[in-house]
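Colleague: Got a minute to walk me through this model? I'd like to start with one serine and go from there.

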Amino acid sequence: MAHAAPVGTMTGPARTPDVFSPRIHLAARYGVPVVLGLVYGYWAAANRRSGGPITGWNLLFGFTTALAFIVLCVAVATFAPLLKRELHSGVKSAFAGAAVGFLYSQSGESVLRSTALGLAVTAGVFLVFFYRYYTHEDGEGNRIR
């Protein structure tokens, strides 16, 4: 009779133990995007007001931006892993580049500079993610390490 491995033990030649419970993973899956979204919304609102007074419209803009970021972040985290590694990398890098470009545009810079910065961030993040997925997955997206 085979025995199941206890939680937190290694299962396989190169697997690391999972020290967190499924409940912690679920909390992190939604808690991290919420915290990042609130920071992002505050940052966007602060960039838009340029050090001026906080107004009701500024608060509305910040919370709306935070909500949009949270929804998009959860969507990217949920659906991007279902794609092949090239598209997976592309979706995550496009999200990062668009987020940075939008933040930069709120500081009053030109659209061209915001776009250039967003594209540069997209390219850099794409290279990092593609390298990671290329070296840790086979052609079908199955983990090899």
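Modeller: Sure. Bear in mind that this is a predicted model. Ser-114 sits in helix α4, which covers residues 111-136.

Colleague: Is Ser-114 buried or exposed?

Modeller: Buried. Its relative accessible area is 6%, and the cut-off for buried is under 20%.

Colleague: What does Ser-114 touch, not counting residues up to four places away in sequence?

Modeller: Gly-101, Tyr-104, Ser-105 and Glu-109.

Colleague: Zoom out. How many helices and strands does the protein have?

Modeller: Four helices and zero strands. Along the sequence the pattern reads α-α-α-α.

Colleague: And what share of the residues counts as buried?

Modeller: 23% of the 145 residues. On contacts, take pairs at least 6 apart in sequence: 57% of those join residues at least 24 apart.

Colleague: Now packing. At what angle do α2 and α3 pack?

Modeller: About 170 degrees, with the axes 11 Å apart. Helix α2 is residues 56-79 and helix α3 is residues 85-105. Anything over 145 degrees counts as roughly antiparallel, so that is what α2 and α3 are to each other.

Colleague: Which residues meet there, α2 against α3?

Modeller: From α2, Phe-61, Thr-65, Phe-69, Leu-72, Cys-73 and Val-76. From α3, Val-91, Lys-92, Phe-95, Ala-99 and Phe-102. By class, that contact has nine nonpolar, one polar and one charged residues.

Colleague: How do α1 and α3 cross?

Modeller: At roughly 30 degrees, and their axes come within 8 Å. Under 35 degrees counts as roughly parallel, so α1 and α3 get that label.

Colleague: What are the contact residues for α1 and α3?

Modeller: Tyr-40, Trp-43, Ala-44 and Asn-47 in α1 meet Ala-99, Phe-102 and Leu-103 in α3. The split is six nonpolar, one polar and no charged.

Colleague: Which residues make up the largest nonpolar core?

Modeller: There are eleven. They are Tyr-40, Ala-44, Ala-45, Phe-61, Phe-69, Cys-73, Val-76, Ala-80, Phe-95, Ala-99 and Leu-103. Helices α1 (22-49), α2 and α3 each supply at least two of them.

Colleague: Which helix gives the most to this core?

Modeller: α2, with four residues. As background, nonpolar side chains in soluble globular proteins tend to be buried together.

Colleague: Ala-99 keeps coming up. What is Ala-99 in contact with, leaving aside neighbours within four places in sequence?

Modeller: Tyr-40 and Phe-69. Ala-99 also belongs to the largest nonpolar core, as do both of those partners.

Colleague: Back to serines. Where is Ser-89 found?

Modeller: In helix α3. Ser-89 is buried, at a relative accessible area of 0%.

Colleague: What does the side chain of Ser-89 reach?

Modeller: The backbone oxygen of Arg-85, at 2.8 Å. Leaving aside neighbours within four places in sequence, Ser-89 is in contact with Phe-126, Phe-129, Phe-130 and Tyr-133.

Colleague: One last serine. What is phi of Ser-50 near?

Modeller: 50 degrees, so a positive value in a residue other than glycine. Most residues other than glycine have a negative phi.

Colleague: Where is Ser-50 found? And is Ser-50 buried or exposed?

Modeller: Ser-50 is in the loop between α1 and α2. Ser-50 counts as exposed because its relative accessible area is 60%, and the cut-off is over 50%.

Note on methods. Residues are numbered from 1 along each chain as its sequence is written. This is a predicted model: local features need pLDDT of at least 70, side-chain atom pairs count only at pLDDT 80 or more; totals for chains, interfaces and linings use all residues. Side-chain values use heavy atoms; hydrogens and water are left out. Axes are lines fitted to C-alpha atoms, for helices over the stretch in contact, and angles run from 0 to 180 degrees between N-to-C directions. Helices (H or I, at least four residues) and strands (E, at least two) are DSSP runs, numbered from the N terminus. Angles under 35 degrees count as roughly parallel, over 145 as roughly antiparallel, 65 to 115 as roughly perpendicular and the rest as oblique. Contact means heavy atoms within 4.5 Å. Ala, Val, Leu, Ile, Met, Phe, Trp, Tyr, Cys and Pro count as nonpolar, Asp, Glu, Lys and Arg as charged, and the others, Gly among them, as polar. A nonpolar core is a set of buried Ala, Val, Leu, Ile, Met, Phe, Trp, Tyr and Cys residues joined through side-chain atoms within 4.5 Å. Buried means under 20% relative accessible area, exposed over 50%, partly exposed in between (1.4 Å probe, protein chains only). A polar contact is a pair of N or O atoms within 3.5 Å; within protein, one must be able to donate a hydrogen and the other to accept it, and residues adjacent in sequence count only if both atoms are side-chain atoms.
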